[in-house]
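Visitor: Please take me up close to one part of this protein, a loop with something unusual in its backbone. After that, I'd like to hear how the rest of the structure is put together.

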Amino acid sequence: LVTGGLAALPILGCAGADRLLYGGHPPGDAARKIALTRELVAAMAPFLCLICCAALLSAMLQAVRVFSVPAAMSCVLNLGFLGSFAYMAWAAHGADAERKIFYAAFAVVGAGLLQIVLQWPFLAWKGIRLRPRLSWSDPAVREILAAMGPTVIGLGVVQVNVLVDSLIDYVISLSVPGCEGANTFLYLGDRLMQLPLGVFGVAVATTAFPYLASHVARGDHRSFLQGVQEAMRMVIFVVLPASVGLAMVADPLVRLIFQKPDLKFTDASVYQTAAVLACYSAGLVFFSLQQILTRSFYALRNYSTPVRIAGWMVLVNLGLNLLLIQIPDPYRRLAGVQIEGMPGPQLGVAGLALSTTLTAILNVLLLWGRLRREMQPRVGELWGKTAGDLVWAAGRIALGSALMGVFVYFSVNSIPYEPELAIRLERALVPIALGILGYYGICLVIPIPEMEEFLRRRKKKEASQSPPLS
């Protein structure tokens, strides 16, 4: 019932969009865009049902301690997005170029359906047979409904931040010469960033949550704190080098995926998309830590603290947006970068991504401080030892990631740019491969013990898992 209602809402809203915006008499160009928007919303409406059902299946799998499959589902969606946009970038441009946006719409719906198809066999493997029924008197149902309120508000605050960024981005695209595609640059950079975030950050947070909740249920706050610290260490170990490497290969990666030899996606577009991706990448580890800390409060049944902090972050994000889009682009000023078609010297759309990163950093610091106030009286001096170990581990990993970043940077710049596909593949993929190997070697030299722990856990996981028979 809920998913069906969600599927009907966008159709009803789109049907009245022209009256809401133009009093029922839109001008010619606006009428065409509204008609296209209505068709797109109708085409994508099934996605609401599909993604809600996929989320429910993911929750069921997590309840029976199957985490890798649900964690991979966000990758399915992001790959669908990126694949469709890459196809549109490379497809022949013609009179129906505007209609090619439907490739993205159908890719999203297909990705939602694929998430259900991929998860269903694993539920059957675990012996779960779905029999939907309504039981409002069930205590577990009432507990879920009670917890939904603060959680929905918290998620709504995040959506408000996204909406604010999008509105400012839309104004930039309309009012600043050379930024006509600003909304596209922000969106593509966000999609590329979401892929490693879904693979690593969300996956670790999702896996850690039930174990943290079980420690709290037993009253074992020392094990809970140790679990939070281990989850944060592993996220920093995996995500920090990934974020550094992604920032270093942002330009060749964007060129590889979206720029055809005919340069419809111009050098200016590549630079602005890569700048957005680099700014988002700088906050990738904090986006991931935010996931863990938020779930830590949920495990403690403290739903209000993340919501209150997120509410303040809306105001911080808005202020930073308005400030950072106006400041000069330091890279262009220091390196003297001159690209035809670029807007003024301001950061512009990249400032929106940078404000999101700075807001995430502040959010993590506030959540960590609030967790300290809540946990230190319960665990005593263990908090100081745990925090010290975490800072020491983060310092070692940051050093290793910085050395790897220098290595990747020189690897990228040692390969001259050429428009041929083979050269672009080389400029994007070779530095990534060398960066992975270099980081592994750096972890052995420094040394970084998290590498050994990571490999040991991977071997243990592979040994404990067996594929479903059907």
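**A close look at one loop**

Guide: Let's start at Arg-301, which sits in the loop connecting helix H12 (284–299) with helix H13 (304–324). Please keep in mind as we go that this is a predicted model. What is unusual about Arg-301 is its backbone: phi is positive, about 60°, although the residue is not a glycine. Most residues other than glycine have a negative phi. Is the residue buried or exposed? Arg-301 counts as exposed, because its relative accessibility is 57%, and the cut-off for that class is over 50%.

Now for some aromatic rings. The whole structure holds 5 aromatic pairs. One of them is formed by Tyr-298 and Tyr-303, whose ring centres are 5.5 Å apart and whose planes meet at 40°, so this pair is tilted. The partners differ in their cover: Tyr-298 is buried, with a relative accessible area of 18%, whereas Tyr-303, at 21%, is partly exposed. These two values fall on either side of the cut-off, because buried means under 20%. Another pair makes a nice comparison. Tyr-409 and Phe-410 also have ring centres 5.5 Å apart, but their planes stand at 80°, so they are edge-to-face. The reason for the two labels is the angle, because planes over 60 degrees apart count as edge-to-face, and those between the stacked and edge-to-face limits count as tilted. Tyr-409 is partly exposed at 40%, while Phe-410 is exposed at 55%.

From here, let's turn to a buried leucine. Leu-212 belongs to helix H8 (residues 182–217) and is buried, with a relative accessibility of 3%. Which residues does Leu-212 touch, beyond those up to four places away in sequence? They are Phe-224, Gly-227, Val-228, Ser-296 and Ala-299. A distance helps to place this leucine too: its C-alpha lies 9.3 Å from that of Gln-226, a residue 14 positions away along the chain.

Phe-224 appears again when we look at the nonpolar interior. The largest nonpolar core has 76 residues, and the members that touch the most others are Phe-224, Phe-237, Val-254 and Leu-371. The biggest contribution to this core comes from helix H9 (residues 221–248), which supplies 13 residues. For a feel of the packing, take Phe-237: setting aside neighbours within four places in sequence, this residue is in contact with Ile-397, Tyr-439, Cys-443, Ile-448, Glu-450, Met-451 and Phe-454. Apart from the largest core there is another, made of 16 residues, including Leu-50, Met-73, Phe-81 and Ile-116.

Leu-50 also leads us to Leu-113. The two leucines are 63 residues apart in sequence, yet their C-alpha atoms are 5.9 Å apart in space. Leu-113 is part of helix H6 (residues 101–125) and counts as partly exposed, at 46% relative accessibility.

If you are wondering about cysteines, the search of the whole structure turned up 0 disulfides. Why does Cys-52 not form one? Its closest cysteine sulfur, in Cys-53, is 6.9 Å away, too far for a bond. Cys-52 is partly exposed at 23% relative accessibility, while Cys-279 is buried at 13%.

One more backbone feature deserves a stop. Ile-446 and Pro-447 are joined by a cis peptide bond, with omega about -10°. Most peptide bonds are trans. Pro-447 is in the loop between helix H17 (421–445) and helix H18 (449–464).

Stepping back, the protein has 18 helices and 0 strands. Of its 470 residues, 43% are buried. Counting contacts between residues at least 6 apart in sequence, 79% join residues at least 24 apart. The accessible surface is about 24200 Å², and carbon and sulfur atoms account for 68% of that.

Finally, a word on confidence. The average pLDDT is 77, and 75% of the residues score at least 70. Over residues 466–470 the score stays under 50, and the model has 6 contacts beyond four places in sequence for this stretch. Where pLDDT is low, the predicted coordinates should not be read in detail.

Terms used. Residues are numbered from 1 along each chain as its sequence is written. This is a predicted model: local features need pLDDT of at least 70, side-chain atom pairs count only at pLDDT 80 or more; totals for chains, interfaces and linings use all residues. Side-chain values use heavy atoms; hydrogens and water are left out. A nonpolar core is a set of buried Ala, Val, Leu, Ile, Met, Phe, Trp, Tyr and Cys residues joined through side-chain atoms within 4.5 Å. Buried means under 20% relative accessible area, exposed over 50%, partly exposed in between (1.4 Å probe, protein chains only). Helices (H or I, at least four residues) and strands (E, at least two) are DSSP runs, numbered from the N terminus. Contact means heavy atoms within 4.5 Å. A disulfide is a pair of cysteine sulfur atoms within 2.5 Å. pLDDT is the predictor's confidence in each residue, from 0 to 100. Accessible areas come from the Shrake-Rupley method with a 1.4 Å probe; for residues, only the protein chains shown count as cover. Rings of Phe, Tyr and Trp (its six-membered ring) pair if their centres lie within 6.5 Å; planes under 30 degrees apart count as stacked, over 60 as edge-to-face and the rest as tilted.
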